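Here are a few exercises to work through with the model open on your screen. Try each one before you read its solution.

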Amino acid sequence: MKIFRRDFLKKAGTLSVSGFLPFKAFSFEEDIGNPKTDASDSFLIKDAQVISMDPEIGNFGRASVLVENGFIKTISRNVQIPHDIHVIEGEGAILMPGLIDNHWHLWTSLLRSMAGNEKEKGYFQMTERFSKLYTPEDMKLAARFAAAEAINSGITCVNDFNHNARSPEFVMASFEGIAEAGLKGRVAYGGYRDLAPDTPTDFEGIKQVLEITSNNDKYKDIALGLGARSVDSPFLKEDWERARELGMPIDIHVNQRGQIEQLYNKGLLDNDVNIIHANKVTDEEIEKIASTGASVTMTPFTEMRIGFGFPQINRFRKSKVRLGVGVDTTALSGNANLFAVIKVLQNIANAEAKNEFEILPEEILKMVTTDAAKIQKIQDKTGSITPGKRADLIMLRKNDLNFSTGNRPYHLMTEAAQPANIEFVAIGGKIAKRDGELLNIDKDELVMQAKETFNRFTSQL
Ligand SMILES: [Zn+2]
């Protein structure tokens, strides 16, 4: 038995379980046997407080989670520790599923907080200027850089809308950066800033990326989607039909009133469409989104920062629109903290409703776990701590100044948690962060490369 633990965990006291009992009694009492262990993706997390996000399983004040060959095998209060398995001490920590982002332009991560103070230096013009300087290698570096921040922040799955897709190589860079960091999710092939409106969409390039990625195990947990052109593009309908023939999901930015109506009238909305933003949506448009099963992904920090308006969270909820959240771009959001994203969304919802209880933390957490997984159609694989699902897990230590007292885990996760509290991350059972340190990623080297590339860009402008 090998034990990874921090000294402080030895000192951690027993957690109170008051206010945190399972929805129903659920415990595997059986002997979990003597599974074949694999040092890289089999381990036991012992005695953690568990938020499963699976309504059938509920939560535990104290339980152990056995991960075998990358998958969750059992959750149990009483575990006989299998022989020769890595044991990760969970006492004094909260374990939950990894967070799922549903909209992010990873390539802009090198342009952190670079949206300036006047129009020509604002977000759109700034990113267009920089976008032309990127090589496929720079795109991969940006994806690795963003992926490292994602993992460090507890994000185990991203939806990367690559809108600097100047050739298939620029999109493969996303796949490589995500895969090499050990992250999962999907990448949208999404044109580029200065793509002329009358230039057709690069379906030859799309097919090349599909061909490469569908035949390589390295990319098996990263899907390819279409990053749609604007609603008024003459190629829109044809593009969507071709994407659907290829089995690709579709992500589309919607910033203007009436654009949803146009999509609906063209018969294009369906449950494979993820609409980004939609801050100016009408009531009629919301009903149309709901009736077709399309999802909406809100990115509150970038939407508010750029002046699109407030996320329409309560109106969407009232009509039961499927909802997710995203980082969007650290050029505007500054960082990739999904805990902060859900916290500000909850606060916007309650403020707008003038009701302390308008949206409860249980509901808002679904937007980064179970509901988020449904948007990417990976709910059978991830999004909750459920036996049989992939072990995408994060664990937060309850010893930090901002994260120690209090016994309402859902509230703590929504209001108090920060990336710095994340002690442990596993993705597909591969441990990616342990004792608060990223594994398999040379953070200092990555930061140095990112700085060098950014400096090269600025010297070229
Ligand atoms: Zn976006």
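**Exercise 1.** Work out the strand order of the open sheet, and find its edge strands.

*Solution.* Keep in mind that you're looking at a predicted model. Start with the order: eight strands form an open sheet that goes 7-8-9-10-11-12-13-14, with parallel pairing. Next, look for strands that pair on one side only; these are strand 7 (99-100) and strand 14 (322-325), the two edge strands.

Now zoom in on one pair. Strand 9 (residues 184-189) runs parallel to strand 10 (residues 222-227), and five bridges join them. For a single example, take R186: its bridge partner in strand 10 is A223. As a reminder, strands of a sheet pair through backbone hydrogen bonds, either parallel or antiparallel.

**Exercise 2.** Decide whether G116 is buried or exposed, then place it in the chain.

*Solution.* Count first: G116 has 12 C-beta neighbours inside 10 Å. The cut-off for exposed is 12 or fewer, so G116 counts as exposed. As for its place, G116 sits in the loop between strand 7 and helix 2 (123-131). Setting aside neighbours within four places in sequence, G116 is in contact with K121, G122 and M126. To get a feel for distance, try P200: it is 84 residues from G116 in sequence, and the C-alpha atoms of the two are 32 Å apart.

**Exercise 3.** Check the span of helix 3 against the expected value, and explain why it is largely enclosed.

*Solution.* Helix 3 covers residues 136-152, which is 17 residues. From its first C-alpha to its last it reaches 24 Å, close to the 24 Å expected at 1.5 Å a residue. Then go for burial: 15 of its 17 residues are buried, so helix 3 is largely enclosed by the rest of the structure. After the helix comes G154, with a positive phi near 85°.

**Exercise 4.** Describe how the two domains meet, starting from domain 1.

*Solution.* Begin with the bounds: domain 1 takes in 2-97 + 383-428, while domain 2 is 99-375. Their centres, taken over C-alpha atoms, are separated by 30 Å. Across the boundary, 18 residues of domain 1 are in contact with 25 residues of domain 2.

Which elements of domain 1 supply at least two residues each to the side that touches domain 2? Helix 15 (409-416) and strand 16 (422-427) do. Helix 15 gives the largest share, five residues. Sorted by class, this side of domain 1 has 10 nonpolar, six polar and two charged residues.

Notes. Residues are numbered from 1 along each chain as its sequence is written. This is a predicted model: local features need pLDDT of at least 70, side-chain atom pairs count only at pLDDT 80 or more; totals for chains, interfaces and linings use all residues. Helices (H or I, at least four residues) and strands (E, at least two) are DSSP runs, numbered from the N terminus. The expected span of a helix is 1.5 Å times one less than its number of residues. A residue is buried if 20 or more other C-beta atoms lie within 10 Å of its own, exposed if 12 or fewer, and partly exposed in between; C-beta atoms are placed from the backbone. Domain bounds come from an automatic or database domain assignment. Two residues are in contact if their C-beta atoms, placed from the backbone, lie within 7 Å. Ala, Val, Leu, Ile, Met, Phe, Trp, Tyr, Cys and Pro count as nonpolar, Asp, Glu, Lys and Arg as charged, and the others, Gly among them, as polar. Two strands pair if DSSP finds at least two bridges between them.
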